[in-house]
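Visitor: Please choose one part of this structure and take me through it slowly, in words that a first-year student can follow. After that, I would like to hear about other places in the chain.

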Amino acid sequence: MHSPNILLITSDQQHYNTLGIRNPEIHTPNLDRLAREGTLFNRAYCSNPTCTPSRASIITGLYPSQHGAWSLGTKLPEQVPALGDYLQKAGYRTALIGKAHFQPKASKASFSSLEAEPLLYDSSFWKGFHGPFYGFEHVELMRNHTCEYLVGQHYALWLEEQCPGKWREYFAPPAGTRPANSPYQWEIPEEYHYNTWITRRCCDLLGSFRRENRPFFLWASFPDPHPPYLAPSPWCDMYAGAPLTVPEGRPGEFMNSPPHFAMTQQEDADWSSYRESGQFLHGLRFHAGIPPEQIRRNMEVYYGMISYLDHCTGILLDRLDTLGLCEDTLVIFTTDHGHLFGQHGLHYKGPFLYEDLIRVPLLIRYPPKVPAGRTCSALQSLVDLAPTLLDFCSVPVPSSMSGVNQRQVWMGNEEAARRYVLCENHQEPSSLQQRCYVDERYKLTVYADRDWGELYDLAEDPGESHNLWVHSDYRDLKEKLLLHALWQEMDREPMWMPRIAGA
C-alpha cells in the first residue's frame, strides 16, 4: 500500500457547527471544499475539553488519564511515544508549525517547560532550537492567542525580522505595549499576523518536502478562533450586522443539573469547595450579565476569525495542488475542542460537557481512498487519529495505544469502528473529575465521588436542556449506560504486553 503524506490542519477551540457546509450563516469556502472532496464526520469528539490534554491525545493515541497531561497546567512527559516518532522510523519527515501547548506556561526544576516564561521570550534560545520535540524533528512554535503577552518563540523571531521593534505595539505587556481593553479589531496587519506566518512557513516546508521526495507529516497548528475575540480588518467586521442565530440559555434548564451549572449564573457564587490546587479553575466563574450586544459582537468576531483561518487553509490546499501533492496527501482538518459562546447561557470552557464543547469538526480528504462528498455519522475521537494515520502509512499500530483504528471507516469500507466515545475532564486532583460517555443516542456524565450526574437523550433533546439523571422513569436506562461506560473503561486498557506463556 502506498504511504501517503499527512497534512494535519487544526484550529483552536472551534465549535463543530462553524462550517459553511453545515451552517449557512458562516462563510468557509475552503473547508467546504475539503468536505466536497473528502468526508465530513459529524460525530467527532475530543478526549478532553481543554488544549493540552486533547492535543497530547492527538499525537499519542492515549487518553489524558494515560499519557499524563491530564489538565491544563500539566505537561506531556517527553518519554511518551508520539505519532511522529513512529513515522520518523518509517522514513517520514515530521514538522509542526504554530501552537503546540504540550507544556505549561510555568516551569519547575522537576517539570521543566520549553513553553514557559521567561524562556519563551529568549530569542537566542529559539534561534538555535527547532527540535526534536514530541516526535517532530522540526518545530517553529508560538504560545499566544491574538494579542496575548505570551508572544515569543519562533513567531517573535519572525516578527522581529519583518518589522523590527514595531511588532511589540500589537501585543499586551510585558512582551508588548498594546493597551488593554481594546477588543475586536486587532491593529496588526495581516502580513504580520501569525496566520500568515504559519501559512507561509508551511508552504515553504511543503516545497522542501516535495524536492526531497520523502513522505512527510506536517502539522499546521493555528491558534484561532480561541478568545480573546480579536481579528485584523476586514475579518473583524465580516459578520457585523449579518443575520446570525445568537445562542442563549433556556430558563430552568439547570434545575436538575449538578450545582456548578446554576452557580455560573450567580455573581457571588462560592467556588471554594472546588479549589484544591490553587490554580485557575476554568469555567467556574460568573457567566451571566454579559450585555446582548456584546454577546453578538463576540460571535461576529469569532466567526470572522474562523473565516480568516479558512482563507489560510485554502492557501495550503492550493499549495498542495501546485506541487502536485494532492492525491498523495491525506489532509485532516479538526480542532482540539469546541467552544461555548452563549449556548446554555455559558461563555467559557470548563466542566460543562455539552456537545458544544466536546464535539469537534472533522474533515478527511485523501483521493480516491476516502470517498468524496460523503457525510458520515460514525463515532470518531481525536484519540483515534494516531493509530488511524499509522495504519494509512503502513506503520504497525503499537498495542500501547488506546485509540481505535478508523481507517476502514474513513475509506467507507465499514460503517463504524467504535460503539462509544469517551471524554475526560479532570481539572483538580479530586474535587473536579468527570467522565463522559457518548453513544449513538445517549450521553452520560459521571462525577468522581459525587451522586450527581448527567444523562441526555441526544435524539429527543439535541439541545441537552433536560437532564434525565434524577428521573425515576430513566433509572433502568441509566443503569444500562453505567454498565456500558464500565465496558468502555475496560476496552481502552492498553494491552502492550502479549501473553506468551501459561504461567
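Guide: Let us begin with a pair of residues, Leu7 and Leu218, which stand opposite each other, with Leu218 belonging to β6. Please keep in mind throughout that what you are looking at is a predicted model. The pairing that brings in Leu7 is one between β1 and strand β6, which covers residues 216-221, and these two strands run in the parallel sense over 5 bridges. β1 also pairs with β8, again in the parallel sense, and here the pairing extends over 7 bridges. Within that second pairing, Leu8 of β1 has Ile332 in β8 as its bridge partner.

With these partners in mind, we can ask how much of β1 is covered, and the answer is that 7 of its 7 residues are buried. Both faces of the strand are covered, since Asn5, Leu7, Ile9 and Ser11 are buried on one side, while Ile6, Leu8 and Thr10 are buried on the other.

β1 also leads us to a helix, because β1 (5-11) is among the elements that cover the buried residues of α11, together with others including α2 (51-60), α4 (83-89) and β8 (329-335). The helix α11 itself spans residues 385-392 and is mostly covered, with 7 of its 8 residues buried. The buried ones are Leu385, Ala386, Pro387, Thr388, Leu389, Leu390 and Phe392. After α11 comes Ser394, a residue whose phi is positive, near 60 degrees.

One of the elements just named, helix α2, is the place of Ser57. Ser57 counts as buried because its relative accessibility is 0%, and the cut-off for that word is under 20%. If we leave aside its neighbours within four places in sequence, Ser57 is in contact with Ser47, Leu62, Tyr63, Pro64, His67, Leu382 and Val383.

It may help to set this beside a record: an unreviewed UniProt entry carries the annotation "domain: Sulfatase N-terminal" for residues 4-391. Over residues 4-391 the chain is 29% helix and 14% strand, and the C-alpha atoms at the two ends are 10 Å apart.

We can now turn to another group of strands. Strand β14, made of residues 442-447, is largely enclosed by the rest of the structure, because 5 of its 6 residues are buried. It pairs in the antiparallel sense with strand β13 (residues 433-438) over 5 bridges, and in this pairing Arg435 has Val446 in β14 as its bridge partner. The link from β13 to β14 is a hairpin of 3 residues. β14 pairs in the antiparallel sense with strand β15 (residues 453-457) as well, over 5 bridges, and there Leu444 stands opposite Leu455 in β15. The hairpin of β14 and β15 has 5 residues between the strands, and in that hairpin Asp449 takes a positive phi near 60 degrees.

Finally, let us look at the surface. Leu483, Leu486, Trp487 and Met490 make a nonpolar surface patch of about 390 Å². Leu483 lies in helix α13, which runs over residues 475-491. With a relative accessibility of 41%, Leu483 counts as partly exposed, whereas Ser57, at 0%, counts as buried.

Notes
Residues numbered from 1 in each chain as written. Predicted model: local features only at pLDDT ≥ 70, side-chain atom pairs only at ≥ 80, totals over all residues. Heavy atoms only, no water. Buried < 20%, exposed > 50% of the residue type's maximum accessible area, 1.4 Å probe, protein only. Helix = DSSP H or I, 4+ residues; strand = E, 2+ residues; numbered from the N terminus. Contact = heavy atoms within 4.5 Å. Pairing = 2+ DSSP bridges. UniProt positions renumbered as here; feature names shortened; annotations may be inferred. Patch = residues over 30% accessible without salt bridge, like charges linked within 9 Å, V, L, I, M, F, W, Y side chains within 5 Å. Areas by Shrake-Rupley, 256 points an atom, 1.4 Å probe, with all protein chains shown as cover. Salt bridge = Lys/Arg side-chain N within 4 Å of Asp/Glu carboxyl O.
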